[in-house]
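Here are some exercises to work through with the model open in your viewer. Try each task before you read its solution.

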Amino acid sequence: LSTTTPITATLFPGDGIGPEIADSVKQIFKTAQIPIEWEEHYVGTEVDPRTQSFLTWESLESVRRNKVGLKGPMATPIGKGHRSLNLTLRKELNLYANVRPCFSLPGYKTRYDGVDLVTIRENTEGEYSGLEHQVVRGVVESIKIITRQASLRVAEHAFQYAKAHGRERVSAIHKANIMQKTDGLFLKCCREVAEKYPEIKYEEVVIDNCCMMLVKNPALFDVLVMPNLYGDIISDLCAGLIGGLGLTPSCNIGEGGIALAEAVHGSAPDIAGKNMANPTALLLSAVTMLRHLELNEKADQIQNAVMNTIAEGKYRTVDLGGKSSTSDFTQAICDHL
Ligand code: NAD
């Protein structure tokens with residue numbers, strides 16, 4: 001893609017601090033002259049019967065049409081008779097892989113410097129298939145589903161990602177020694193895909209050992225691919241290595257090449273409307289969207305401006321121990337651009 005062709009992307013500013021941090025992303029994108037036109041969609045106030053959710057059919061169509069989007073945090077309205085917003089997006093857009101790059105932000109000290117990992121989580125099945133029931137009183141059952149189709153597709157994404165981003169190694173995380181059939185099938189699929197990418201090293205690591213290795217020395221890993229439940233846990237563990245969910249970007253990959261980037265934190269109702277929110281996670285999520293569009297130069301430019309602003313330490317939001325408002329921090333990033 002040329003950096004001058006305008007691209008339309010869907011933007012869900014979301015709830016709570018969502019609109020404030022989305023404004024910050026828009027301002028920074030404008031300053032960096034990113035050729036993106038945002039198509040904004042808000043969560044509705046009534047349930048749309050076509051989606052059984054507060055997200056309208058038109059909003060979903062917008063993502064399907066544009067194939068790229070950015071999502072702020074959404075607070076699911078309480079009450080019966082509708083689906084959760086995040087579940088609606090995941091199911092309707094078939095968001096099958098969640099990609100979370102975790103890299104240290106220089107100047108924001110955590111236990112390790114130079115963390116640079118990517119977790120890729122299967123997002124549609126495993127223990128999260130929603131198949132739980134009571135067998136008899138006092139005995140319940142939960143069914144873990146692993147399919148060849150979903151495993152091949154997430155493994156394929158992991159290797160493609162590794163190749164496209166110059167990564168050297170993919171580690172499949174599993175517990176196939178105990179879950180021989182389910183995790184066994186997952187591994188079999190990963191091995192099949194690995195054969196197509198001889199230039200990328202492939203290894204298999206048991207989940208418990210993986211946790212121990214990650215906290216001892218995160219540099220032992222590069223790209224990690226895993227089934228749903230393990231991915232849920234490991235991706236938060238990795239976010240913790242770099243300072244927490246407030247700094248961690250993510251991107252969901254869906255059917256037909258859809259990429260929906262999102263910050264992993266919530267709508268932070270305690271600080272909403274106070275110009276205090278940290279836009280870093282949403283902004284770095286927007287950067288993953290740019291990388292998906294192969295606008296790598298622009299992505300680097302923004303990522304460096306964020307890192308330099310935080311490293312300089314003059315402007316930091318309250319959650320990072322500073323005193324800056326969202327708008328001052330945003331302006332500082334624009335100045336670094
Ligand atoms: P939360 O992430 O909103 O807040 C937890 C704490 O982190 C709060 O103290 C908050 O102020 C702080 N925080 C979060 N993001 C921040 C940011 N960008 N800058 C500075 N501080 C930040 O979690 P919660 O309070 O459990 O959830 C609030 C709402 O968000 C709920 O309605 C929940 O359903 C929703 N939620 C949505 C998503 C999503 O859309 N992906 C994810 C998690 C929670």
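**Exercise 1.** Find the strand that holds valine 139, then describe its surroundings.

*Solution.* Start with the element: valine 139 belongs to strand S7. This is a predicted model, so we are reading a computed structure throughout. Next, look for the partner strand: S7 (residues 139-142) runs antiparallel to S6 (residues 132-136), and four bridges join the two. To fix the register, note that glutamine 134 is opposite valine 140 in S7. Then inspect the turn: two residues lie between the strands of this hairpin, and glycine 138 has a positive phi near 90 degrees.

Now turn to the surface. Valine 139 has a relative accessibility of 40%, and therefore counts as partly exposed. Together, Val135, Val136 and Val139 make a nonpolar surface patch of about 240 Å².

**Exercise 2.** Decide whether strand S12 is enclosed or open, and identify which strands pair with S12.

*Solution.* First, check burial. Six of the six residues of S12 (residues 258-263) are buried, so the strand is largely enclosed by the rest of the structure.

Second, sort the side chains by direction. In a regular strand, side chains alternate between the two faces of the sheet. Ile258, Leu260 and Glu262 point one way from S12, while Ala259, Ala261 and Ala263 point the other way, and all are buried.

Third, look at the neighbours. Strand S3 (residues 68-71) runs parallel to S12 and is joined to it by four bridges; here lysine 71 is opposite glutamate 262. Strand S11 (residues 249-254) pairs with S12 in the antiparallel sense over six bridges, with glycine 254 opposite isoleucine 258.

Finally, examine the link between S11 and S12: they form a hairpin with three residues between them, and glycine 256 in the turn has a positive phi of about 70 degrees.

**Exercise 3.** Trace the salt bridges that involve helix H2, and work out which residues join a network.

*Solution.* The count for the model comes to 24 salt bridges. Begin with arginine 65 and glutamate 39, whose side chains meet at 2.8 Å, N to O. This pair links distant parts of the chain: arginine 65 sits in helix H2 (residues 57-66) and glutamate 39 in strand S2 (residues 36-40), 26 residues apart. Exposure comes next: arginine 65 has 54% relative accessibility and so counts as exposed, whereas glutamate 39, at 21%, is partly exposed.

Move on to arginine 64 and glutamate 61, which form a salt bridge at 2.7 Å, N to O. Both lie in H2, three residues apart, about one turn of the helix. Arginine 64 is partly exposed at 24%, and glutamate 61 is partly exposed at 30%.

Then add glutamate 92 and arginine 83, which meet in a salt bridge at 2.6 Å, N to O. Glutamate 92 has a relative accessible area of 25%, so it is partly exposed. To finish, put the pieces together: Glu61, Arg64, Arg83 and Glu92 are linked in a network of salt bridges.

**Exercise 4.** List the closest residues around the ligand and find polar atoms that approach its oxygen atoms.

*Solution.* Of the 18 residues that surround the ligand, the closest are Met74, Gly266, Ala268, Asp270 and Asn278. Now check distances from oxygen atoms of the ligand:

- A polar backbone atom of glycine 266 is 2.7 Å away.
- A polar backbone atom of methionine 74 is 2.9 Å away.
- An N or O atom in the side chain of asparagine 86 is 3.4 Å away.

As a last step, consider coverage: on its own the ligand has 810 Å² of accessible area, and the protein covers 60% of this.

Note on methods
Residues are numbered from 1 along each chain as its sequence is written. This is a predicted model: local features need pLDDT of at least 70, side-chain atom pairs count only at pLDDT 80 or more; totals for chains, interfaces and linings use all residues. Side-chain values use heavy atoms; hydrogens and water are left out. Two strands pair if DSSP finds at least two bridges between them. Patches are made of residues with over 30% relative accessible area and no salt bridge: like charges are joined within 9 Å, nonpolar side chains (Val, Leu, Ile, Met, Phe, Trp, Tyr) within 5 Å. Accessible areas come from the Shrake-Rupley method with a 1.4 Å probe; for residues, only the protein chains shown count as cover. A salt bridge is a side-chain nitrogen of Lys or Arg within 4 Å of a carboxyl oxygen of Asp or Glu. Buried means under 20% relative accessible area, exposed over 50%, partly exposed in between (1.4 Å probe, protein chains only). A residue is near a molecule or strand if one of its heavy atoms lies within 4 Å of it. A polar contact is a pair of N or O atoms within 3.5 Å; within protein, one must be able to donate a hydrogen and the other to accept it, and residues adjacent in sequence count only if both atoms are side-chain atoms.
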